[in-house]
Amino acid sequence: MISVSKAVGAADFEIAAGFCDALAAWDAAEVQTYGVDPEEVLAMYHGETSSSLAAKYSVADATMFIARCEGAPAGCLAFAPFDDATIEIRKFYVDPEFRGKGIGSALMRAVLAEVEKRHRRAIVAHTTVYMGNAISVYEAFGFTRCPPFRQMPDSIAHTEVFMSRPI
């Protein structure tokens, strides 16, 4: 059985930080195939702690979700405001042990249900060409590729994928 709940306490944010660490290690390894210095990617996108995640995703208009499968932590997905009209999805990760079991879709359903209660008009996601599973989930939920919504260094621009959908 899959359950998804909001991260609410220190233990939940410790779980999320562990997932973010695993995502960072995987990202750093994968990006090398594209000629990108992994240290640049780690510096730009990773390095969260349980405290920094709690500070960012325990405020109004931002939430971190934790998925569990048969009670075991299986993945996370968060959102936060991008601007006054847009929410951004962040920190999408499913533990390899639980991939292919619907965890990513369950997380996305929970996030979209929560985001639809907000007063924003769009939701955006920033991912990479080598995160094919994430791209597939985004597409299944109506996201389409869009122009970049943030500046990227030339050294990594060729790996970045930007997606959006209306709320």
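A salt bridge here is a side-chain nitrogen of Lys or Arg within 4 Å of a carboxyl oxygen of Asp or Glu. Keep that in mind as we walk through this predicted model, because by that definition the structure holds 9 salt bridges. We will come to several of them after a look at the fold.

Let's start with the annotation. The UniProt record, an unreviewed entry, places the feature "domain: N-acetyltransferase" at residues 13-167. In the model, that span is 39% helix and 28% strand, and its end C-alpha atoms lie 27 Å apart.

Now turn to the sheet. Seven strands form an open sheet with mixed pairing, and reading across it gives the order β1-β2-β3-β4-β5-β7-β6. The edges belong to β1 and β6; each has a single partner strand, so one side of each is left without a neighbour in the sheet. Further in, β4 and strand β5 (residues 122-128) run parallel and are joined by 4 bridges. One residue to look for here is Glu-88, whose bridge partner in β5 is Val-124.

Helices pack on this sheet too. Helix α3 lies across β2 (63-69), β3 (72-83) and β4, and runs at about 50 degrees to β3. Helix α5 (residues 132-140) touches β4, β5, β6 and β7 (160-166), and its direction makes about 160 degrees with that of β5.

Helix α4 deserves a stop of its own. It covers residues 103-115, 13 residues in total, and reaches 18 Å from its first C-alpha to its last, close to the 18 Å expected at 1.5 Å a residue. How many of its residues are buried? The count is 10 of 13, so by the cut-off of under 20% relative accessible area α4 is mostly covered. Among the buried residues are Ile-103, Leu-107, Val-111 and Val-115, and also the charged residue Glu-114.

Which residue does Glu-114 meet in a salt bridge? Its partner is Lys-6, at 3.3 Å from N to O. This pair links distant parts of the chain, with Glu-114 in helix α4 and Lys-6 in strand β1 (residues 2-6), 108 residues apart. The two ends sit in unlike surroundings: Glu-114 is buried, with a relative accessible area of 10%, whereas Lys-6 counts as partly exposed at 37%. The pair also belongs to a wider network of salt bridges, in which Lys-6 and Glu-114 are linked with Asp-61, Lys-117, Arg-118 and Arg-120.

Two further salt bridges lead back to β4. In one, the side chains of Lys-91 and Glu-48 meet at 2.3 Å, N to O. Lys-91 lies in strand β4 (residues 86-94) and Glu-48 in the loop between α2 (38-45) and α3 (50-57), so the pair ties together parts that are 43 residues apart in sequence. Both of these residues, Lys-91 and Glu-48, are buried.

The other involves Glu-88, which we met above as the bridge partner of Val-124. Its side chain forms a salt bridge with Arg-150 at 2.8 Å, N to O. Here the link runs from strand β4 to the loop between β6 (144-145) and α6 (154-157), where Arg-150 is found, 62 residues from Glu-88. Is Glu-88 buried or exposed? At 4% relative accessibility it counts as buried, while Arg-150 is partly exposed at 26%.

Conventions: Residues numbered from 1 in each chain as written. Predicted model: local features only at pLDDT ≥ 70, side-chain atom pairs only at ≥ 80, totals over all residues. Heavy atoms only, no water. UniProt positions renumbered as here; feature names shortened; annotations may be inferred. Helix = DSSP H or I, 4+ residues; strand = E, 2+ residues; numbered from the N terminus. Expected span 1.5 Å × (residues − 1). Buried < 20%, exposed > 50% of the residue type's maximum accessible area, 1.4 Å probe, protein only. Pairing = 2+ DSSP bridges. Contact = heavy atoms within 4.5 Å. Axes fitted to C-alpha atoms, helices over the stretch in contact; angles between N-to-C directions.
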